[in-house]
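Open your viewer, switch to a cartoon view and keep the selection box handy. We will go from stop to stop, selecting a few residues each time.

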Amino acid sequence: MVTFLFWNIGNRRLNEIICRLVARHDVDMLMLTECAMEPYEVLETLNESIEPAFHFAPGIGCQQVKIFCRFDPQFLRPIYESDRLTIRRLNLPGLIDILIAVTHLPSKLYWSDASQAFGCVELARSIQVAEQKVEHSRTVLVGDLNMNPFEDGIVSANGLHGVMTRIIARRNSRTVQGREYPFFYNPMWSLLGDASTGPPGTYYYGSSEQRVFFWNMFDQVLVRPSLMECFDPDGLAILDTDGQATLLGGDGVPDARVASDHLPLLFRLSL
Amino acid sequence: MTDLWPEDIGVTDVKAPVAILKEQAAALGRRTKNVVVGIVVTETISTGQFGYSFYLDAPLLQFSYKLFKIRHGVELYPVRINPDEDIRKEIAAERKLDLLLAKTESDFLNLLSLIFRSEKTRKVLQAIISQSR
């Protein structure tokens, strides 16, 4: 089982909390965005107490995402990058070869809903180009998408085409006006709201506007149908504690004074 | 039947932005002995709009990096350029005008030069070339 942790740390120096999360959940691959810390700062804290030691897996041009892994970074080679996206080939010895795409999409502060949706079209296309290059579609996409699972860019066929159930995703693709569009399975739907285990979302925003969701599921993991059987549904979690301290304020929302305004996302793949 | 079309149909001294991109893509390959090549990909936009993305491609690494994309209408210019965010910040230090819009072929060439010569582009190229060896 390979354990992954993604977190938008809001440019805070959270190396101690990160270290506790990694140790608590036995994380193999750590993905950070809005990380103002230099890689050596993260490594020094992680490798003070964690065995086996972590390595920094540098990208080539994507500055928005920093990746650290317990295995040799040669097994996590970049295949495609842009300023906000890195697609890596994860090819651990003896394990299934997959693609892992990590991204941090522009926020609603700077991009309209339409621009975000168009951004997803581009993201989907980049993933498909990478899949053609490696000749498989065993892809997992994770990141701060700055959109909810039900928004146009995530659900549209020419966007990420993320569907909420495995049964639908098992159809692999859908044809719309003569063109075939592959699915992603989006397990994040199952974590929405307070009837699910854990926090009702990964990011909280309240305002005085008419239309407010309050809790948002901006940080998501999506899995191609061909990788679904490897995805551990019980291993998917939005974390609200590092085992020592809560990441939430007294009002039950992410506490940016203590940690980040986003909550970390944990998931596991049986490769 | 009388041919009513003008004599000079198809004759133009204006070079299409995509033609310029393809020339520069080939030039990169020549400079790096094809260790890094440029690839121009046509993007699907709306009717009447033409979009292209420019990638740095390293065949030996099976790696591509998207450097920028452009968009224009039927009339070729003006061209809107959307570079990598780090490059955009660098260029903003040198240009005060609407740096995303090239109104003429000359302006487009100047902007491309800024993008290709940016610190970010150099770093990406250096990283690709050194890892390809």
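Which strands of chain A does helix α1 (residues 15-25) lie across? Select that helix and look beneath: α1 of chain A lies across β1, β2 and β17 (265-269), and runs at about 155° to β1(A). Here helices (H or I, at least four residues) and strands (E, at least two) are DSSP runs, numbered from the N terminus. Axes are lines fitted to C-alpha atoms, for helices over the stretch in contact, and angles run from 0 to 180 degrees between N-to-C directions.

Before moving on, two notes on the model. This is a predicted model, in which local features need pLDDT of at least 70 and side-chain atom pairs count only at pLDDT 80 or more, while totals for chains, interfaces and linings use all residues. Residues are numbered from 1 along each chain as its sequence is written, chains are lettered from A and ligands numbered from 1 in the order in which they are written, and side-chain values use heavy atoms, with hydrogens and water left out.

**Stop 1: the sheet of chain A**

Now add helix α2 (residues 39-49) of chain A. This helix packs on the sheet, touching β2, β3 and β4 (65-69) of chain A, and its direction makes about 30° with that of β4(A). Then colour the strands: 6 of them form an open sheet with mixed pairing, in the order β3-β4-β2-β1-β17-β16 (chain A). β3 (55-56) and β16 (237-238) of chain A stand at the edges with a single partner strand each, so one side of each has no neighbour in the sheet. Two strands pair if DSSP finds at least two bridges between them. Strands of a sheet pair through backbone hydrogen bonds, either parallel or antiparallel.

For a parallel pair, select residues 2-8 and 29-33 of chain A: these are β1 and β2, joined by 5 bridges. A:L5 has A:L30 in β2(A) as its bridge partner.

**Stop 2: two helices side by side**

How do α1(A) and α2(A) cross? Their axes come within 9 Å and cross at roughly 45°. That makes α1(A) oblique to α2(A); angles under 35 degrees count as roughly parallel, over 145 as roughly antiparallel, 65 to 115 as roughly perpendicular and the rest as oblique.

Show side chains for A:N15, A:E16, A:I18, A:C19 and A:V22 in α1(A), which meet A:E41, A:T45, A:L46 and A:S49 in α2(A). Contact means heavy atoms within 4.5 Å. By class, this contact of α1(A) with α2(A) has 4 nonpolar, 3 polar and 2 charged residues. Ala, Val, Leu, Ile, Met, Phe, Trp, Tyr, Cys and Pro count as nonpolar, Asp, Glu, Lys and Arg as charged, and the others, Gly among them, as polar.

**Stop 3: backbone details in chain A**

Zoom in on A:E34, in the loop between β2 and α2 of chain A. A:E34 has a positive phi of about 50° although it is not a glycine. Next, find A:P52 in the loop between α2 and β3 of chain A. A cis peptide bond joins A:E51 and A:P52, with omega about -15°.

Then jump to β10 (residues 173-176) and β11 (residues 179-182) of chain A, which run antiparallel and are joined by 4 bridges. A:S173 has A:P182 as its bridge partner in β11(A). In this hairpin, with 2 residues between the strands, A:Q177 takes a positive phi near 50°.

**Stop 4: crossing to chain B**

Show both chains. Here 21 residues of chain B are in contact with 17 residues of chain A. The area buried between the chains is about 1,600 Å², and carbon and sulfur atoms give 44% of that. Buried area is the accessible area (1.4 Å probe) that two parts lose on being put together, summed over both. Select B:Q62, B:F63 and B:E85: they supply 35% of the area that chain B buries against chain A, more than any other three residues.

**Stop 5: inside chain B**

Hide chain A. Chain B has 4 helices and 5 strands, in the pattern α-β-β-β-β-α-β-α-α along the sequence. Select helix α1 (residues 17-31) and helix α3 (residues 105-116) of chain B, whose axes come within 11 Å and cross at roughly 35°. Their contact has 7 nonpolar, 1 polar and 1 charged residues.

For a last look, go to B:P78, in the loop between β3 (63-73) and β4 (79-83) of chain B. B:Y77 and B:P78 are joined by a cis peptide bond with omega about 10°.
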